[in-house]
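Open the structure in a viewer and keep the selection panel at hand. The stops below go from one pair of strands outward to the whole chain and its partner.

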Amino acid sequence: MSGLIITSLIILVFVIIYQIGKASEYAAILRGEKKVNAQVNRAMAWALVGTFILGMWGIWECHQYFKDLMLPVAACRTGENYDSMFNVTIMVTGIVFFLTQAVLFWFCFKYQDSGKRSSYFFAHSNKLELIWTTIPAIAMAILVAIGIRNWFDVTSEAPAEATAVEIVGKQFNWIIRYPGKDKILGKRDFRKINDANNVLGLDWNDPHNADDIIAQNGEIHMVVGKPVKLIIGSRDVIHDVGLPHFRMKMDAVPGITTTLWLTPTITSDSMKLITKNPNFVYEIACDQLCGKGHYAMRGTIIVETQAKYDEWFAKQQSYYATANPSAAPAAPAADSAATAPKAEAGKEISMK
Amino acid sequence: MNIEGIITEGAHTAHAHDSAGGHHGHEHHEQHFIWKYIFSQDHKIIGKQFLITGIIWAIIGALFSVFFRLQLGFPDSSFPIMEKFLGEWAKGGKLSPEFYYALVTMHGTILVFFVLTAGLSGTFANLLIPLQIGARDMASPFMNMLSYWFFFAASVIMLISLFVETGPASGGWTTYPPLSALKEASLGSGIGMDLWLMGMSLFVISSLLGGLNYISTILNMRTKGMTMTRLPLTVWALLFTAVLGVLSFPVLFSGVVLLIFDRNMGTSFYLSEIFIGGKALPNIGGSAILYQHLFWFLGHPEVYIIMLPGMGMASEVLSTHSRKPIFGYFAMVISMVGITFLAFLVWAHHMFVTGMSPFLGSIFVLLTLLIAVPSAVKVFNWLTTIWRGNIRFNPPMLFALGFVSLFISGGLTGIFLGNSALDIHLHDTYFVIAHFHIVMGVSAFFGMFAGVYHWFPKMYGRYMNNTLGYIHFFMTFIGAYLIFWPMHYEGIAGMPRRYYDYSAWESFKNFQSINGFISIVATVVFFAQLVFVFNFFFSIFKGRKLTTLNPWGSTTLEWTTPINPGHGNWEGDIPEVHRWPYDYKDDGNGNDFIPQTTPLRPGEDAH
C-alpha cells in the first residue's frame, strides 16, 4: 500500500514538473518569445554565478567538516615524503582548479548574450597555444620528477638488517608468518596447504621452517625505528595489503611474491595520544576486491618498543609446535622449538 | 569517389546502395514498420535505437547505484522496497554482501560499456557522421544494422545474467581473475560470469562492426569540398573514438577468450599456485597480472572512447551557442591525435601496485602525466572559445559548460593517480571513485546530454522542454559535485572502495554520516535523471514542433536537411562544402553565422 502511495506521489510530482515546463513554454509564446528568452538567459547567467559562489562555500564547508576526520601524521619516513608531495600536488592542481573554474563562470556571466554586442571573431593564435602547451608541460615535468624520486625511494630494496615478515591473504583474512630465531623464512608450497595443521603449506623438509611463527589473527608486531620487510603472498585470489597510516599498499597475487618495506616511526601507544583516540589501531585493509567478505578482511599492526616486542616474541610458539602438539611439547619458540622438527626433517632427508 | 555520381544522378538513384537490404525505395511507397524502425538500415534510426537502448540501460545501472548507496549510507537500516525489486537478494530489505558486489559490478559494466560506449558513440557516430560529412548513409548500412543487433544480443545476455540463481558477475567491472575465474571464489563467478563473458564478446563484435564502419565512412564518403580540415570537431572526435575502439577492443576480446579457457577448459593462463575450496588446484605457471595487462590495454583507451565524443560535442555546442568559432581548431585536432596516441601507452598506471617493476612504473608515470598536456590545451581552448562570445544559455549549452567544469575537476585529480608515488596510497580508495566518476562518468554524461538536447530537434523534429532541461541541469550539476567532492576526502583518508560496510573499521567508521549524506543526494540525483527521461520520451510525441530548418543558427550540414529527413537525408542533391565549420561571423545579411554550404565571398579568407 505504501509502495503504491509513493509511486503515485512520484508520478504526481512528475506531472506537476511537466505542467510547469509546458506552462512556461506557452507563457513564453504569449509574452513574446524574444523578451522571455532574454530574461531566461539573464536568469541562467546569474544562476551559474550563484552555483559557483555556492560551490566555493561548499568546498570551504566540506574542508571544515573533514579537517578532523583525516588520517593522522604519517607513521614512517616515506609516508612523510608522501604527505609533502601530496601537498605540493594539491597546491599546483588547486591553483589551476580555482583559476580555470573562476574564469569559466566569469566568462559565462560576462559574455552572456545581451543582444547589444556581437561576438568577437577569434579563431586561433599560435602564441597562446604555445604558452598553454609549455606551462602545463613544465608543471607536469616537475611533478613527475618529484614523483619518480619518491617512487624509487618507496620501492627501493629493503635494507639488509630489515626484519622479514610474511603476510599472506586468503578469503577472508590475513595470515602472518615471522621467521624464528634463525631469521629466515622457510620454503612453502601451496600443494602442502592444509587448513587443519599447515595453513601456509610450510615444507617441513626445510629446517628453516621449524622455528617459524604463524599468527592467524592478522596481527603484525613491529619495533619502532626498525625496518620491516613485508613479503606478500596470496593463497587464493588477488588481495591487497593496504596500509593507510604508512601511505602505501601492495597487491597480494597468487603465484607471485611482492614486497613492501617500511620503518615505523610512531608506536601504537603514541599514536593513541596523537589522535586522542584510545581505540586507535594501525589497520591493514584489503584493497583489492576478493569476494563477499572483502570488506571484513582486516588486519592490524602493533608498533611497539623493542622491550615490549621482545616480551611478546618470547611468548610465541613455533607453528610446528602449535600445529603438531603431539610431536613437540609446547615450548617457547625463542629457545628450544627447533629441535624436534629438525630431527624429523633430518630423518626424512636421510631416508631419500 | 562515388559521391560525384550521386550528385549528378540525383536523389532517387542515391538510394541505390540500399537496395541490397530490401525493396524499399521509400519515396515511392511506405516501408513496412519492421524494416523502417526495427531492422532499419537508416543510420538515423540506428542511432536512435542505440540511444533508447542506452537510456534503458542507464536507468537500470543508475537504479543499481541507488540500491548499493542505500546500503553504504545506512548499513543498519532495511529498505523493504529493495526486496520488491531484488527478491531474495535483499531479504527483509537488507542487501546481502554477495549481491552488493553483484550490483557494484553490474553498475560498472552497464555504465561503462552499455551506456557510455554503445549508448554514447553508437548514438552520435551513427546520427552525426553521415549528416555532418554530407553522406546519405554509412559506408555499409547493413553492417551498421548488425552492429546494433549484436549490441542488442549482448544486452539480452547481460540482462539474463541478472536473473540467474547465483546472481550476475560480482568480481568488479574489471573481473580480475582468479576471483572471476574460479567458481569456488565467489557466487557470481558461476554462470553469471559465463554470461558476462559471452555478453562482452558480443559487445566487442558490435563495437568493431560499428567502428570500422565509422572510420571508412569518414575517410571515404565526405561530400564534395568536405576536406578533412573542414570536418566539424564532432566528426574528428568520433573518428578517433572509432580508431581507439578498433585497435583496443580486440585485445580485451583476447583477454576474455583466455579467461573462458581458464574457466572451462583447464588452461592456466591466469592461474597459478592456488589453494581454494579446501584443495590445491593443479594450475601452475599462469599469471593473474597478464589479464590486467590485457584488460587495461583496452580499459584505458576505453576511458578516451568515453571522453572523446563528449569533447567533440562540447566543442560544437560551445561554439554554436557562443556564436563564436571554436578557438584553435587545429590545436583541438592535434590534441586529440595526442590523446589517441598516448591512450595506448598508459594502461599500466592502473597496475602500479601489482608488484610491477618500479622502473616500468616510472615510464608509465611519465607517459600518463604527459596526457595532461593535450587535455589542458583543450580546456584552455574551450575557455577562449566562450571568451567575448554571445552566450545563449539553453540546455545544451549549460551541459557543455558543465562538461568543461567537470572535466577540469576530474582531470586534475588524475594528476594524483597517474603519479605512482601518490597512487601507492590512493589506489583503490574512494579518491579513485571520485576521480573517474567525475571525469568519465558525469562529465561524459554531460557531453552526452549536451548532444541529446542539441540534436534532439534533428532527431525528432521537435524541441525538448527547456524548463525541464534547466531543472535537470542544475540538479545534476550541483548533485554530482555534492556526491563526489566529499569522496575525495574519504579516499585521501584511505577509505577503500568496494566495501559493503565500514562499521568494523576504526580508521573509516568516522565517515558514516557523510556516506549517508552522499546516498541521499545520489537518490535525489537519480530522480532528477528521470526528469530527463520523461522530457525525452514526452517530447518525442508532444514537444514543441520545429518550424525552421536550422533552429540554433548552426553552420554544419545536418541543419541543411529537411526537418524530418528520410533515408538518404537530402531530398535533392547532397550539399557541397565551401568553408570550415565554424564561421560564426557576420555574413553581411544580418546573420551571425555562415553555413558550410555558402561559397567564400570574393576576397574572404578561408580560415
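In which sense do strands β6 and β9 of chain A pair, and over how many bridges? Select residues 239–243 for β6 and residues 282–286 for β9 in chain A: the two pair in the antiparallel sense over two bridges. Strands pair if DSSP finds at least two bridges between them. Strands (E, at least two residues) and helices (H or I, at least four residues) are DSSP runs, numbered from the N terminus. Within this pair, A:Val241 stands opposite A:Cys286.

A note before going on: this is a predicted model, in which local features need pLDDT of at least 70 and side-chain atom pairs count only at pLDDT 80 or more, while totals for chains, interfaces and linings use all residues. Residues are numbered from 1 along each chain as its sequence is written, and chains are lettered from A and ligands numbered from 1 in the order in which they are written.

Next, extend the selection to the open sheet of five strands in chain A, in the order β4-β10-β9-β6-β7, with mixed pairing. β4 (219–223) and β7 (248–252) of chain A stand at the edges with a single partner strand each, so one side of each has no neighbour in the sheet. From one strand to the next the twist averages 25 degrees. Add helix α6 (306–314) of chain A, which packs on the sheet and touches β4 and β10 (298–304); its direction makes about 135 degrees with that of β4(A). Here the axes are lines fitted to C-alpha atoms, for helices over the stretch in contact, and angles run from 0 to 180 degrees between N-to-C directions. Contact means that the C-beta atoms of two residues, placed from the backbone, lie within 7 Å.

Now select β5 (228–234) of chain A, where five of seven residues are buried. Buried means 20 or more other C-beta atoms within 10 Å of a residue's own, with C-beta atoms placed from the backbone. β5(A) pairs in the parallel sense with β1 (163–170) of chain A over seven bridges; A:Gly169 has A:Ser234 as its bridge partner. β5(A) also runs antiparallel to β8 (258–262) of chain A, joined by five bridges, and there A:Lys229 is partnered by A:Trp261.

Finally, show chain B. The contact takes 96 residues from chain A and 108 from chain B. On the side of chain A that touches chain B, α4(A) gives the most, with 15 residues.

Key
Buried ≥ 20, exposed ≤ 12 C-beta atoms within 10 Å, placed from the backbone.
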